[in-house]
Amino acid sequence: MTLFLGLGIAGIVLLVLSLIFDGILEGLFDGVGVLNGLFDGLLSLPVIAGFISMLGFGGAIVLGTTQLGTGPAAVTGVAAGCGAGWLTWKFSKALMRDQTAVTPRGDDLVGSAGTVVTAIPAGGYGEVLLRLGGQPVKYSAKSAEPVANGAEIWVEETLSSTSVLVRPVQR
């Protein structure tokens with residue numbers, strides 16, 4: 001029984017380590033021929049951890065609740081471990097398919113409208129309020145002509161990650 005409980009606890013510890021140090025074991029074997037990609041999918045660390053923990057705890061439950069002995073407990077533990085490993089693999093595949101939206105970039109600002117927050121002198125810098133990914137963001141702005149505070153502008157080009165070239169909207 002102690003062996004099975006030890007395996008169960010070791011599986012949980014391995015699972016916690018795989019969550020904390022995600023990808024380290026997989027990275028150790030990158031480019032090592034036969035082992036390259038071995039720990040992806042069915043042999044990923046979370047799947048192995050799920051198998052080991054259910055092998056241990058399943059065997060311990062059978063030993064503790066029946067008089068069947070170590071052999072049937074081990075077989076039951078292996079079956080429970082295979083089930084847990086398979087479920088872990090399926091859940092991880094489903095989670096990997098769940099992709100987030102594309103992260104907005106500064107180039108996405110070109111062609112968008114905004115408002116001047118700090119007046120922009122001719123050839124100098126001021127500040128404008130733009131929307132990037134639905135969120136208001138303040139940028140440094142440069143214009144060829146002076147633009148007054150509160151005026152509506154149009155973004156012509158991104159100059160850097162924090163500044164844009166703008167022109168006033170003609171009404």
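**Exercise 1. Find how many salt bridges the rule gives, and place each one.**

Step 1. Counting pairs with a side-chain nitrogen of Lys or Arg within 4 Å of a carboxyl oxygen of Asp or Glu, we arrive at two salt bridges. Please keep in mind that this is a predicted model, where local features need pLDDT of at least 70, side-chain atom pairs count only at pLDDT 80 or more, and totals for chains, interfaces and linings use all residues. Residues are numbered from 1 along each chain as its sequence is written, and side-chain values use heavy atoms, with hydrogens and water left out.

Step 2. One of the pairs is Lys138 with Glu127, whose closest N and O atoms are 4.0 Å apart. Lys138 sits in strand β3 (residues 135-142) and Glu127 in strand β2 (residues 125-132), so this pair links distant parts of the chain, eleven residues apart. Strands here are DSSP runs of E with at least two residues, while helices are runs of H or I with at least four, both numbered from the N terminus.

Step 3. Arg167 pairs with Glu156, and here the closest N and O atoms are 2.5 Å apart. Strand β5 (residues 163-168) holds Arg167 and strand β4 (residues 152-158) holds Glu156, so the bridge ties together parts eleven residues apart in sequence.

**Exercise 2. Decide whether the bridge residues are buried or partly exposed.**

Step 1. Set the classes: buried is under 20% relative accessible area, exposed is over 50%, and partly exposed lies in between (1.4 Å probe, protein chains only).

Step 2. Glu127 has 28% and is partly exposed. Arg167 is partly exposed at 37%, and Glu156 is partly exposed at 37% too.

**Exercise 3. Work out how helix α1 is oriented.**

Step 1. Helix α1 (residues 2-20) has 19 residues and spans 27 Å from first to last C-alpha, close to the 27 Å expected. That expectation is 1.5 Å times one less than the number of residues.

Step 2. Its buried residues are Phe4, Gly8, Gly11 and Ser18. They cover an arc of only 90° around the axis, which puts them on the same side of α1; the arc is taken from the directions from the helix axis to the C-beta atoms.

Step 3. On the face turned away from that buried side you will find the exposed residues Thr2, Leu3, Ile9 and Ile20.

**Exercise 4. Summarise the whole chain.**

Step 1. The chain has four helices and five strands, running α-α-α-α-β-β-β-β-β from the N terminus.

Step 2. Of its 171 residues, 26% count as buried.
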